[in-house]
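The following questions and answers examine one protein chain. Each answer gives its reasoning before its result.

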Amino acid sequence: MRQGSGAIAEPCHQPMLYIPSALYKDLLDHGTRASPKEACGILAGRQGRTTAFYPAVNVEEGHEKYSISPQELARILKDLEGKGLDLIGIFHSHPATPAYPSVTDVELACYPDSAYVILSLGDEPSIKAFSIREGKVTDIPITIEPSMG
Ligand SMILES: [Zn+2]
């Protein structure tokens, strides 16, 4: 389902996202542990290549919402900057719904240059990434890379 088709898409800040398979497993573990609540965290790396995952505490009470406390977010951003990494993606899980941004996800999205990475749990977990810019959702292809060594 797409909206706003017909408009010429702006060049996406991140045309492709790479996630090492070991890190993908960390995302799955984090999401599974938090279920039935949504899990959240931050992906960091360089030029679309994810090298670090910062799991965060979801401070929301409901099952279909997530947010990272400003204190924890500030601490994560400071740490990744200290390591010379960029904020690549904002991760959260959907324990019972597909890997697509909810209406709330789109309304609350405030990092247009970041990828929104959504993991859908269930029998067949799937992970997808999106750019959310001024209410417009665009797919960002994800490649899960075999981890080295
Ligand atoms: Zn969501």
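Q: Is E134 buried or exposed?
A: This is a predicted model, in which local features need pLDDT of at least 70, side-chain atom pairs count only at pLDDT 80 or more, and totals for chains, interfaces and linings use all residues. Residues are numbered from 1 along each chain as its sequence is written. A residue is buried if 20 or more other C-beta atoms, placed from the backbone, lie within 10 Å of its own, exposed if 12 or fewer, and partly exposed in between. Because E134 has 9 C-beta neighbours inside 10 Å, E134 counts as exposed.

Q: Where does E134 lie, and what is the sign of its phi?
A: E134 is placed in the loop between β6 and β7 (136-140); strands (E, at least two residues) and helices (H or I, at least four) are DSSP runs numbered from the N terminus. Although E134 is not a glycine, its phi is about 50 degrees, which is positive.

Q: Which residue in the loop between β2 and β3 is not a glycine and has a positive phi?
A: The residue sits in the loop between β2 and β3 and is exposed, because it has 9 C-beta neighbours inside 10 Å. Its phi is near 50 degrees, and the residue is Q47.

Q: What is the confidence of the model over residues 1-12?
A: The chain averages a pLDDT (the predictor's confidence in each residue, from 0 to 100) of 89, and 89% of the residues score at least 70. Residues 1-12 have six contacts beyond near neighbours in sequence, a contact being two C-beta atoms, placed from the backbone, within 7 Å. Over this stretch the pLDDT is below 50.

Q: Why do the buried residues of α1 line one face of the helix?
A: The buried residues of α1 are L27, H30, G31 and A34. On the other side of the helix, S21, K25, D29 and R33 are exposed. The arc is taken from the directions from the helix axis to the C-beta atoms. The buried residues line one face because, seen down the axis of α1, they fall within an arc of 95 degrees.

Q: Which strands are included in what covers the buried residues of α1?
A: The residues to be covered are L27, H30, G31 and A34. Their cover includes β2 (40-46), β3 (49-56), β4 (86-94), β5 (115-120) and β6 (126-133).

Q: Which element supplies the largest share of the largest nonpolar core?
A: A nonpolar core is a set of buried Ala, Val, Leu, Ile, Met, Phe, Trp, Tyr and Cys residues joined through C-beta atoms within 7 Å. Of the 29 residues in the largest one, I42, L43, F91, A115, Y116, V117 and A129 touch the most other members. β1 (17-20), α1, β2, β3, β4, β5 and β6 each supply at least two residues of this core. The largest share, five residues, comes from β5.

Q: How far apart in space are P101 and Y116?
A: P101 lies in the loop between β4 and α3 (103-108), and it is partly exposed because 19 other C-beta atoms lie within 10 Å. Not counting residues up to four places away in sequence, P101 touches V106, Y116, I118, F130, I132 and V137. P101 and Y116 are 15 residues apart in sequence, and their C-alpha atoms are separated in space by 8.2 Å.
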